[in-house]
Amino acid sequence: MKWREFCTSLWLQSSCQNDGRGLEMSFNHRLTELSQTCTRDLLCMMAEAGEPVLFTEVTVYSLLACVAQFAVGFAFAQKCGNKCSAVDRWVLVWLFYDAIVHFTLEGPFVYMSLVGNVATSDNLLAELWKEYGKADERWLYSDPTIVSLELLTVVLDGSLALLLIYAIIKDKHYRHFVQITLCVCELYGGWMTFCPDWLIGSPNLNTSSWLYLWVYLVFFNGIWVVVPGLLLWQSWRDLRRMHQYPKKKNR
């Protein structure tokens with residue numbers, strides 16, 4: 001019915017207007033009205049059917065915040081790592097992003113969890129964590145395992161990320177020692193975040209929608225498994241090369 005009314009209205013207006021510009025303005029106006037009406041009707045239909053609306057304003061702002069954090073990390077890496085190799089510049093992108101997330105996102109989570117919990121907090125970052133809490137409600141109510149891991153993550157992993165950034169830029173001898181330590185900590189944190197809940201049947205995980213399962217749970221946690229795994233492989237490869245080079249030199 002909406003499309004029939006829309007087309008009828010356009011035909012009537014076009015028959016009364018000879019000015020092409022006026023027709024274009026009328027068309028755009030009606031198209032905007034139709035878009036707003038259909039969106040409103042769709043949301044009402046979903047609400048009446050009892051289906052939750054996945055993409056709210058908070059959802060969009062949360063995803064944009066993650067993109068912005070990555071963009072800042074990329075900018076810092078290009079500025080500070082201009083003398084590094086192309087591979088190490090990408091490593092720096094990850095490390096800057098990693099540190100930014102630990103300090104600006106997970107740090108406030110730890111604070112909110114120690115003085116209360118995310119569910120009862122009322123601020124911008126709390127809204128972001130409430131959005132993630134739709135996928136894993138342990139983050140809403142100060143779960144002891146999660147808070148303990150995040151304390152370790154913010155203090156230790158964040159500091160190690162900054163130290164590793166310095167070691168890469170200055171080409172320090174302890175670079176791979178720090179890199180391996182950081183990667184093991186990240187992988188341990190990922191395992192301990194989910195394994196306790198898996199063992200009791202995952203009662204706190206919401207996998208009812210693709211957004212919660214594949215974006216919030218799999219993607220945003222999976223990158224802290226894939227990237228540390230790749231960095232461990234890089235360290236192993238570089239250490240092996242450094243170990244083999246002196247032997248070839250002495251022959």
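**Exercise 1.** At the start of α5, which backbone nitrogen does a side-chain oxygen of Asn 123 reach?

*Solution.* The model used here is predicted. The side-chain oxygen of Asn 123 comes to within 3.1 Å of the backbone nitrogen of Leu 125.

**Exercise 2.** Describe the salt bridge in helix α5 and list the buried residues of that helix.

*Solution.*
- Step 1. The side chains of Glu 127 and Lys 130 form a salt bridge, at 3.3 Å from N to O.
- Step 2. The two are three residues apart in helix α5, so about one helical turn separates them.
- Step 3. Glu 127 has 29% relative accessibility and counts as partly exposed; Lys 130, at 22%, also counts as partly exposed.
- Step 4. The buried residues of α5, which spans residues 124-133, are Ala 126, Leu 128, Trp 129, Glu 131, Tyr 132 and Gly 133.

**Exercise 3.** Find which residue forms a salt bridge with Asp 88, and decide whether each partner is buried or exposed.

*Solution.*
- Step 1. The structure holds six salt bridges. In one of them Asp 88 pairs with Arg 175, with the closest N and O atoms 3.1 Å apart.
- Step 2. This pair links distant parts of the chain: Asp 88 belongs to helix α4 and Arg 175 to helix α7, 87 residues apart.
- Step 3. Buried means under 20% relative accessible area. Asp 88 has 14% and is therefore buried; Arg 175 has 9%, so Arg 175 is buried too.

**Exercise 4.** Determine whether Asp 197 has a salt bridge.

*Solution.*
- Step 1. Asp 197 sits in helix α7 (residues 175-199) and is buried.
- Step 2. The nearest side chain of opposite charge is that of Arg 138, 4.2 Å away.
- Step 3. A salt bridge requires the nitrogen and oxygen to be within 4 Å, so this pair does not qualify. Asp 197 has no salt bridge.
- Step 4. Arg 138 is nevertheless in contact with Asp 197, as are Ser 202, Pro 203, Asn 204 and Leu 205, leaving aside neighbours within four places in sequence.

**Exercise 5.** Place Leu 211 in the fold.

*Solution.*
- Step 1. Leu 211 lies in helix α8 (residues 210-250), and its relative accessible area of 1% makes it buried.
- Step 2. Leu 54 is 157 residues away in sequence, yet the C-alpha atoms are 7.5 Å apart.
- Step 3. Not counting residues up to four places away in sequence, Leu 211 touches Leu 54, Phe 55, Thr 59 and Tyr 216.

**Exercise 6.** State the volume and lining of the largest pocket.

*Solution.*
- Step 1. The volume is about 790 Å³.
- Step 2. The lining has 38 residues; Tyr 132, Tyr 216, Phe 220, Asn 221 and Trp 224 lie nearest the centre.
- Step 3. Helices α3, α4, α5, α6, α7 and α8 each supply at least two lining residues.

How values were computed
Residues numbered from 1 in each chain as written. Predicted model: local features only at pLDDT ≥ 70, side-chain atom pairs only at ≥ 80, totals over all residues. Heavy atoms only, no water. Helix = DSSP H or I, 4+ residues; strand = E, 2+ residues; numbered from the N terminus. Buried < 20%, exposed > 50% of the residue type's maximum accessible area, 1.4 Å probe, protein only. Lys, Arg positive; Asp, Glu negative; His and termini not counted. Contact = heavy atoms within 4.5 Å. Polar contact = N/O pair within 3.5 Å; in protein donor to acceptor, adjacent residues only side chain to side chain. 1 Å grid on protein atoms, 1.4 Å probe; cavity = no way out; pocket = protein on both sides within 12 Å on 5 of 7 lines; lining within 4 Å. Points joined across faces, edges and corners; volume = space filled by probe spheres on them.
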